[in-house]
Amino acid sequence: MARRTKEEAQATRVQILDAAERVFHAQGVSRASLAEVAKEAGVSRGAIYWHFENKIDLFQAMLERLRLPLEELARATESEDEPDPLGCMRELLIKALTRLAEDEQTRRAHDILRYKCEYTGELVDLRERLQALSIECDQRIAKALSNAVNKGQLPEDLDCKRAAVCLHAYMEGIEANWLLVPNFDLVVQAPALIDTLMHMLLSPALRRS
């Protein structure tokens, strides 16, 4: 019975997250209320507060779902035991773009993050949380690049921190621009776009002076 209760609770949590994505996407995060999310999910507001502290907590859980499917591959790039960290990174980045193009839920969540979220009022604290996530992302990328350097896949004098900033910005730019104007086949173009990025990592401008 207890197991069934846990399964039902998890199903309700997923139901709420799915509903929140739809409501946030339709109205924007600032304008959406938890009451509207509850109505969309077919649950009470109490059910939402059972799983999430507030709207920010709900929004952050929605973002966390974006990371999970790719997390195993991301960790592989950061592992010192991984023999091909650069190959894992290439695969990870291609999958990230492909998933954005092919998975409606992923695309909707990214669209909310890029274009339907105002960091004002009750969402002021969210900006700080996203800043922390961005810093963490840069650090993880730098670690993966450092592993690739140690495996002889990238130049020994690569400035991994600067390269991480460039890689992060490149991916953010492609995602944001494609979401705004999806006028090319991102699935078809993903390998070439990522290979361009891999080539950029060899640039002398990214070497330590």
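Here are some exercises with worked solutions on the predicted model shown above.

**Exercise 1. Helix lengths**

Work out which span helix H5 should have, and compare it with the distance between its end C-alpha atoms.

*Solution.*
- Step 1: Helix H5 covers residues 85-102, which makes 18 residues.
- Step 2: At 1.5 Å a residue, H5 should span 26 Å.
- Step 3: The end C-alpha atoms of H5 are 25 Å apart, which agrees.

You can try the same thing on helix H4, residues 55-78. With its 24 residues, H4 is expected to span 34 Å at 1.5 Å a residue, and the distance from its first C-alpha to its last is close to that, at 32 Å.

**Exercise 2. A closer look at H4**

Find where H4 bends, and which residue caps its N-terminal end.

*Solution.*
- Step 1: Follow H4 to leucine 70, where the helix bends by about 60 degrees.
- Step 2: Now go to the N-terminal end, which asparagine 54 caps.
- Step 3: Check the atoms: a side-chain oxygen of asparagine 54 lies 3.1 Å from the backbone nitrogen of isoleucine 56.

**Exercise 3. Cysteines without partners**

Explain why cysteine 88 has no bond to the closest cysteine sulfur.

*Solution.*
- Step 1: Recall that a disulfide is a covalent bond between the sulfur atoms of two cysteines.
- Step 2: Use the cut-off: the two sulfur atoms must be within 2.5 Å.
- Step 3: For cysteine 88, the closest cysteine sulfur belongs to cysteine 137 and is 16 Å away, so it is too far for a bond.
- Step 4: Repeat this for cysteine 160, whose nearest cysteine sulfur is that of cysteine 166, 12 Å away; cysteine 160 is in no disulfide.
- Step 5: Finish with the whole structure, where a search finds zero disulfides.

**Exercise 4. Buried or partly exposed?**

Decide whether threonine 98, histidine 168 and glutamine 15 are buried or partly exposed, and list their contacts beyond four places in sequence.

*Solution.*
- Step 1: The cut-off for buried is under 20% relative accessible area.
- Step 2: Threonine 98 lies in helix H5. Its relative accessible area is 17%, so threonine 98 is buried. Threonine 98 touches Val187 and Ala190. As for H5 itself, 13 of its 18 residues are buried.
- Step 3: Histidine 168 belongs to helix H8, residues 160-180. With 11% relative accessibility, histidine 168 is buried too. Its contacts are Ser134, Cys137, Asp138 and Ile141.
- Step 4: Glutamine 15 is found in helix H1, residues 2-27. At 35%, glutamine 15 counts as partly exposed, and it is in contact with Ala41 and Val43.

**Exercise 5. Salt bridges of H4**

The structure has 17 salt bridges. Show which parts of the chain are tied together by the salt bridge between glutamate 71 and arginine 140.

*Solution.*
- Step 1: Start within one helix. Glutamate 64 and arginine 67 form a salt bridge, with their closest N and O atoms 3.8 Å apart. Both lie in H4, three residues apart, about one turn of the helix.
- Step 2: Move on to glutamate 71 and arginine 140, whose closest N and O atoms are 2.7 Å apart. Glutamate 71 is in H4 and arginine 140 in helix H7, residues 124-150, so this pair ties together parts that are 69 residues apart in sequence.
- Step 3: Look at arginine 140 again: it also forms a salt bridge with glutamate 78, at 2.6 Å between the closest N and O atoms. Since glutamate 78 lies in H4 and arginine 140 in H7, the pair ties together parts 62 residues apart in sequence.

Note on methods
Residues numbered from 1 in each chain as written. Predicted model: local features only at pLDDT ≥ 70, side-chain atom pairs only at ≥ 80, totals over all residues. Heavy atoms only, no water. Helix = DSSP H or I, 4+ residues; strand = E, 2+ residues; numbered from the N terminus. Expected span 1.5 Å × (residues − 1). Bend = angle between axes of the 7 residues up to and from the residue. Polar contact = N/O pair within 3.5 Å; in protein donor to acceptor, adjacent residues only side chain to side chain. Buried < 20%, exposed > 50% of the residue type's maximum accessible area, 1.4 Å probe, protein only. Contact = heavy atoms within 4.5 Å. Salt bridge = Lys/Arg side-chain N within 4 Å of Asp/Glu carboxyl O.
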